Amino acid sequence: MSTDDLKRTPLYDAHIDLGGKMVDFGGWNMPVQYTAGVIEEHMRTRTKAGLFDVSHMGEFWVEGEDAIPFVNRLTTNDVTKLVDGQAQYSALTNENGGVVDDLLVYRFDQDKLLLVVNASTTEKDWDWITSHKGSENITLTNVSADYCQIAVQGPLATIILEKLTDTDLDEIKYYHFTVGTVDGVDAIISRTGYTGEDGFEVYAASDNARKIWDDLLDAGYYGTDAGILPAGLAARNTLRLEAGMSLYGHELSDEITPLEANLGWITKLQKGEFIGSPKLADQKERGIERHLVGFEMTDRGIARDGFDVYVGDEKAGYVTSGSPAPYLKKNIGLAFLPVEFANVGQEIRIDVRGKLLSATVVPTPFYKRQK
């Protein structure tokens, strides 16, 4: 796909103006990093604040008296447990229990839900969801092009965002949201994120994206050592990996079940039947054969996605995500291993470009912020 064919978020020009290095990410032209570099963007998010363009994500409204039972039939978590103003991490699963996508479910009221899905799977998810609509009294609307989504993450996130809103941000609990104004425009303000830090994701009309983005940078004293930095896809990836969060296409896929991927906590088999639940119940009863684990390299070297993992001389699994961890100053990763080897302290070896380098299975998340 040529650069001209790639989709652009409403912040494309802002990224160019900031010196963003643009790459193809799931058909979108997105910044992988800016001039400060990946490590500085990562560290600034951990210690001060980072600003992320996540406008490429997909958004679907589900409205009508059957909104909750419909979404509950398609997702693994229990939508009936949500209260107004609460968000929920969940997954769409296929008939075999594999993950179609992971997503957030926002409850506005009993007849109105917002689903936020991954950028690279938006069309796939829309087709999946609409194809499973039966006789339910609901209206489905794909509003992905209508919204920008901007995330401000890090210890200074509240201080920065409160300069642009009258909303009492301290009243918004983790994985809750409210409707208010940001920078003088209507917005959804959600206390969620993908970095392991406290922070917010702001949804607003796409044509307001540049104004909000620029004013958040100004509010965060952009350009000073103490301020906010724009952060690209690479830092977003190293931040989420340190926090032990899954990335679709790596830790999750149509062939990987949530039980295998350490997501049993969002797989509520007791809530009643949903797509894939019979296969997941059977897998849980029989016991899973592989498990997602965290590892830390003990030999010098970086284990990258797709590298083979050995126990002794036998190939046992593969790396799903691997990278240096800038804040932890270690080389870490996630991998699938047979359950008999998926234990903290298990010694493993990873084929890093023809050399078997040693690593150890460790607890996840690798990083957990101080509250």
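Where in the protein is Pro 365 found? Pro 365 belongs to the segment after β19, and this predicted model places a cis peptide bond there, between Thr 364 and Pro 365, with omega about 0 degrees.

## Overall architecture

The predicted model contains eight helices and 19 strands. Its C-alpha atoms fill a box of roughly 60 × 55 × 45 Å along the principal axes. A compact globule of 371 residues would have a radius of gyration near 21 Å, and the value of 21 Å for the protein therefore agrees with that expectation.

Of the 371 residues, 57% count as buried. Contacts that span long stretches of sequence are well represented: among those between residues at least 6 apart, 65% join residues at least 24 apart.

## Surface and charge

The accessible surface of the protein comes to about 16,000 Å². Carbon and sulfur atoms account for 47% of this surface.

The protein carries 36 positive and 57 negative side chains. The centres of these two sets lie 5 Å apart.

## Aromatic pairs

The count of aromatic pairs in the protein comes to nine. One of them joins Phe 108 and Phe 177, whose ring centres are 4.7 Å apart. The planes of these two rings stand at 55 degrees, so the pair is classed as tilted; the edge-to-face class requires over 60 degrees. Phe 108 lies in strand β6 (residues 99-109) and Phe 177 in strand β10 (residues 177-182), so the pair ties together parts that are 69 residues apart in sequence. Both residues are buried, Phe 108 with a relative accessible area of 17% and Phe 177 with one of 8%.

A further aromatic pair, Tyr 327 with Tyr 367, is edge-to-face, at 5.3 Å centre to centre and 75 degrees between the planes. Tyr 327 sits in the loop between β16 (314-325) and β17 (330-338), while Tyr 367 sits in the segment after β19 (355-362), so this pair ties together parts that are 40 residues apart in sequence. Tyr 327 is partly exposed, with a relative accessible area of 35%, whereas Tyr 367 is buried at 10%. The segment after β19 also holds Pro 365, the residue joined to Thr 364 by the cis peptide bond.

Phe 108 and Phe 177 also belong to a cluster. Ring pairs link them there with Trp 61, Tyr 106 and Tyr 203.

## Helix α2 and its surroundings

Helix α2 (residues 38-47) is mostly covered, with seven of its 10 residues buried. These buried residues are Val 38, Glu 41, His 42, Met 43, Arg 44, Thr 45 and Arg 46. They pack against four strands, β2 (28-33), β3 (49-53), β9 (147-153) and β13 (228-230), and against helix α7 (233-242).

Thr 45, a residue of helix α2, has a relative accessibility of 0% and therefore counts as buried. Which residues is Thr 45 in contact with, leaving aside its neighbours within four places in sequence? The contacts of Thr 45 are Gly 50, Phe 52, Gln 153, Gly 154, Pro 155, Thr 195, Glu 197, Ala 231 and Leu 239.

## Backbone exceptions and loops

Most residues other than glycine have a negative phi, and most peptide bonds are trans. Asp 183 is not a glycine, yet it has a positive phi of about 60 degrees. This residue is found in the loop between β10 and β11 (185-190), and it is buried, with a relative accessible area of 13%. Asn 262, also not a glycine, has a positive phi of about 65 degrees. Asn 262 is found in the loop between α7 and α8 (277-286) and is partly exposed, with a relative accessible area of 32%.

Is Asp 166 buried or exposed? At 78% relative accessibility, Asp 166 counts as exposed. Asp 166 is found in the loop between α5 (157-161) and β10. The C-alpha atoms of Asp 166 and Thr 181 are separated by 7.3 Å, with the two residues 15 apart along the chain.

Terms used. Residues are numbered from 1 along each chain as its sequence is written. This is a predicted model: local features need pLDDT of at least 70, side-chain atom pairs count only at pLDDT 80 or more; totals for chains, interfaces and linings use all residues. Side-chain values use heavy atoms; hydrogens and water are left out. Helices (H or I, at least four residues) and strands (E, at least two) are DSSP runs, numbered from the N terminus. The radius of gyration is taken over C-alpha atoms; the globule rule is 2.2 Å times the number of residues to the power 0.38. Buried means under 20% relative accessible area, exposed over 50%, partly exposed in between (1.4 Å probe, protein chains only). Contact means heavy atoms within 4.5 Å. Accessible areas come from the Shrake-Rupley method with a 1.4 Å probe; for residues, only the protein chains shown count as cover. Lys and Arg count as positive and Asp and Glu as negative; His and the chain ends are not counted. The place of a charge is taken as NZ of Lys, CZ of Arg, CG of Asp or CD of Glu. Rings of Phe, Tyr and Trp (its six-membered ring) pair if their centres lie within 6.5 Å; planes under 30 degrees apart count as stacked, over 60 as edge-to-face and the rest as tilted.
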